[in-house]
Structure formats: structure tokens, C-alpha cells
Amino acid sequence: MLSMKKHIAKLKPYHFYVFVGGFALIWMLFFDLNSVWGRVETARQIRKLEEDLAFYQKEKLAVQESRFILESDATELERFARERYRAKKTDETLFVIVDPKDAD
């Protein structure tokens with residue numbers, strides 16, 4: 001029992017440093033701007049942005065390909081204009097049929 005008190009007496013001057021060090025460690029792990037939770041959230045956002053980047057790069061390639069086709073082929077350009085913008089020739093009549101499900 002006496003030897004235990006001697007060990008506790010030796011540690012008492014260091015209690016302050018242990019407390020401050022523990023407090024600083026807990027603060028940096030959980031409450032700081034660069035905390036563990038913040039880093040996990042940032043990593044998740046980076047992963048999502050990388051997925052978005054890959055998606056938009058694929059979309060960009062598809063748009064560039066369709067643009068090249070439309071610029072090089074007049075019949076394809078006419079077909080696209082007729083489908084997308086309901087374009088018609090001057091001597092044609094255009095009938096638009098609307099699906100009741102799509103009208104909403």
C-alpha cells in the first residue's frame with residue numbers, strides 16, 4: 001500500500017500534462033477543423049466528385065460525337081431537327097400526338 005502511494009506521489013506533477021495532452025488529443029480528433037469526422041466527410045465528397053467527373057466526361061464524349069455526326073451529315077441534322085424541335089418543311093403538315101401520361 002505504501003509503495004502505491006509513492007508511485008501516485010511521483011505521478012502527481014505529471015497529471016496536469018496528461019490532462020492537457022488528453023484534452024488536446026480529444027479536441028484534435030473530434031472538434032478541430034481537421035478532425036477525423038471532417039476527414040471522413042471530405043473523403044466522401046471527393047469520391048462523389050470523382051464519380052461526377054467520370055459521368056460528365058462520358059457525357060461530354062457522347063455530345064462531341066453527336067455534334068460531329070450532326071455537323072458532317074445533313075440528313076442526320078434534318079432528322080434531329082424534326083424530332084427535337086418539331087421542324088417541318090413549308091409544304092408539310094405536322095401532327096403532334098401527346099401521350100396522356102406525359103401531359104402532366
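Is Lys89 buried, partly exposed or exposed? Keep that question in mind as you click through this predicted model; the answer comes at the last stops.

**Stop 1: the whole chain**

Begin with everything displayed as a cartoon. You will find 3 helices and 0 strands in the protein. Trace the chain from the N terminus, and the elements come in the order α-α-α.

Now switch on the surface. The protein exposes about 10,400 Å², and carbon and sulfur atoms supply 64% of that area. Of the 104 residues in the protein, buried ones make up 2%.

**Stop 2: Glu76 and Arg79**

Next, turn to the charged side chains. The structure holds 8 salt bridges, and this tour visits some of them. Select Glu76 and Arg79 and show their side chains: they meet in a salt bridge, with 2.3 Å from N to O.

How many residues apart are Glu76 and Arg79 in helix H3? They are 3 residues apart in this helix, which covers residues 74–85, so about one helical turn separates them. Look at the surface here too: Glu76 is partly exposed, at 22% relative accessibility. That value sits just past the cut-off, because buried means under 20%. Arg79 is partly exposed as well, with a relative accessible area of 36%.

**Stop 3: Glu78 and Arg82**

Stay in helix H3 and select Glu78 together with Arg82. These two form a salt bridge, and their closest N and O atoms are 3.2 Å apart. Along the helix they are 4 residues apart, which means a separation of about one helical turn. Glu78 counts as partly exposed at 35% relative accessibility, and Arg82 is partly exposed with a relative accessible area of 30%.

**Stop 4: out of the helix to Lys89**

Keep Glu78 selected and add Lys89. Here is another salt bridge, with the closest N and O atoms 3.8 Å apart. Where does Lys89 lie? Lys89 is in the segment after H3, while Glu78 is in helix H3, so this pair ties together parts that are 11 residues apart in sequence.

Now for the opening question: Lys89 counts as partly exposed, because its relative accessibility is 43% and partly exposed covers the range between under 20% and over 50%.

**Stop 5: the network**

For a last view, select Glu78, Arg82, Lys89 and Glu92 at once. Salt bridges with shared partners join these four residues into one network. Glu78 is one such shared partner: follow its side chain to Arg82, then to Lys89.

Technical notes:
Residues are numbered from 1 along each chain as its sequence is written. This is a predicted model: local features need pLDDT of at least 70, side-chain atom pairs count only at pLDDT 80 or more; totals for chains, interfaces and linings use all residues. Side-chain values use heavy atoms; hydrogens and water are left out. Helices (H or I, at least four residues) and strands (E, at least two) are DSSP runs, numbered from the N terminus. Buried means under 20% relative accessible area, exposed over 50%, partly exposed in between (1.4 Å probe, protein chains only). Accessible areas come from the Shrake-Rupley method with a 1.4 Å probe; for residues, only the protein chains shown count as cover.
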